[in-house]
Amino acid sequence: MVRWAEAGELPGLTAIELAADKLFEQVDIVFPPGTTMIEEVGDPLRVLVEGTPPTGFALIGWVDGNLHLEQLAVHPGHMRQGIGGRLVAAVLDHARAAGAPAVTLTTYRDVPWNAPWYTRHGFSVLAEEDWGPELRALVEHERELGIEIAPRVVMRH
């Protein structure tokens with residue numbers, strides 16, 4: 001069942017993100033050292049989780065007036081059970097309830113569990129000319145962090 005995270009669960013989500021990130025090594029993507037995205041979050045109301053204890057999470061924020069899916073991570077030991085799909089559905093439900101016109105995200109274009117997976121969940125690539133100023137700044141920030149190791153795209157639902 002997807003629910004909002006509790007403050008005490010946030011530190012434990014780091015292990016999920018790190019384990020999920022290791023999967024990228026299969027496609028020759030190795031992230032630069034640094035903190036995980038979830039480690040920088042202090043507000044549990046930005047994080048949806050599934051499971052007790054959580055086995056996956058979705059980190060959300062706001063970019064250009066749209067709900068933005070900052071991070072989706074499922075522990076590899078719990079993948080292929082529909083957890084990611086349920087988390088995305090909950091993000092979309094929250095966006096509708098909050099009055100957001102769309103949900104955006106950035107992801108790797110060619111990694112099977114990234115852009116192709118989001119396409120199957122109703123997302124489509126957003127052309128650069130349709131990016132707002134905050135989204136443009138976010139993509140530039142990702143480039144500065146060094147995570148654009150492989151081609152990335154912006155997607156919208």
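A residue is called buried under 20% relative accessible area, exposed over 50%, and partly exposed in between. By that scale Arg-86, with a relative accessible area of 37%, is partly exposed. The model described here is predicted. The protein has four helices and seven strands. Its radius of gyration is 15 Å, close to the 15 Å of the globule rule for 157 residues, so the protein is as compact as a globular protein of that length.

**Overall build**

- Along the sequence, the elements run β-α-β-β-β-α-β-α-β-α-β.
- Taken along the principal axes, the C-alpha atoms fill a box of roughly 40 × 40 × 30 Å.
- Of the 157 residues, 46% are buried.
- Among contacts with a separation of 6 or more, 71% join residues 24 or more positions apart.

**Surface and charge**

- The exposed area of the protein is about 8200 Å².
- Carbon and sulfur atoms supply 55% of that area.
- The protein carries 12 positive and 22 negative charges.
- The mean positions of the two sets of charges lie 7 Å apart.

**Helix α1 and its packing**

- Helix α1 covers residues 10–22.
- Its buried residues are Leu-10, Leu-13, Thr-14, Ile-16, Glu-17 and Ala-20.
- These buried residues pack against three strands: β2 (47–50), β3 (56–63) and β4 (66–74).
- Thr-14, in helix α1, has a relative accessibility of 15% and therefore counts as buried, the limit being under 20%.
- Beyond its neighbours within four places in sequence, Thr-14 is in contact with Thr-36, Ile-38 and Glu-39.

**Glu-39, a contact of Thr-14**

- Glu-39 sits in the loop between α1 and β2.
- With a relative accessible area of 45%, Glu-39 is partly exposed.
- Glu-39 and Pro-11 are 28 residues apart along the chain, and their C-alpha atoms are separated by 6.9 Å.
- Thr-14, one of the contacts of Glu-39, is itself buried.

**Salt bridges that span the sequence**

- The structure holds nine salt bridges, and three of them are set out here, starting with Arg-46 and Glu-70.
- The closest N and O atoms of Arg-46 and Glu-70 are 2.7 Å apart.
- This pair links distant parts of the chain: Arg-46 is in the loop between α1 and β2, and Glu-70 is in strand β4, 24 residues apart.
- Arg-46 is partly exposed, at a relative accessible area of 26%.
- Glu-70 is also partly exposed, at a relative accessible area of 26%.
- Glu-50 forms a salt bridge with Arg-86, and their closest N and O atoms are 2.6 Å apart.
- Glu-50 belongs to strand β2 and Arg-86 to helix α2 (residues 83–98), so the salt bridge ties together parts that are 36 residues apart in sequence.
- Glu-50 is buried, at 7% relative accessibility, whereas Arg-86 is partly exposed, at 37%.

**A salt bridge within helix α4**

- Glu-140 forms a salt bridge with Arg-143, with the closest N and O atoms 3.8 Å apart.
- Both residues lie in helix α4 (residues 133–145).
- Glu-140 and Arg-143 are three residues apart, which is about one turn of the helix.
- Glu-140 is partly exposed, at 37% relative accessibility.
- Arg-143 is partly exposed, at 37% relative accessibility.

**Ile-147, after helix α4**

- Ile-147 lies in the loop between α4 and β7 (152–156).
- Its relative accessible area is 19%, so Ile-147 counts as buried, the cut-off being under 20%.
- Ile-147 and Pro-32 are 115 residues apart along the chain, yet their C-alpha atoms are separated by 7.0 Å.
- Leaving aside neighbours within four places in sequence, Ile-147 is in contact with Phe-31, Pro-32, Tyr-108, Glu-142 and Arg-152.

Key
Residues numbered from 1 in each chain as written. Predicted model: local features only at pLDDT ≥ 70, side-chain atom pairs only at ≥ 80, totals over all residues. Heavy atoms only, no water. Helix = DSSP H or I, 4+ residues; strand = E, 2+ residues; numbered from the N terminus. Rg over C-alpha atoms; globule rule 2.2 N^0.38 Å. Buried < 20%, exposed > 50% of the residue type's maximum accessible area, 1.4 Å probe, protein only. Contact = heavy atoms within 4.5 Å. Areas by Shrake-Rupley, 256 points an atom, 1.4 Å probe, with all protein chains shown as cover. Lys, Arg positive; Asp, Glu negative; His and termini not counted. Charge placed at Lys NZ, Arg CZ, Asp CG, Glu CD. Salt bridge = Lys/Arg side-chain N within 4 Å of Asp/Glu carboxyl O.
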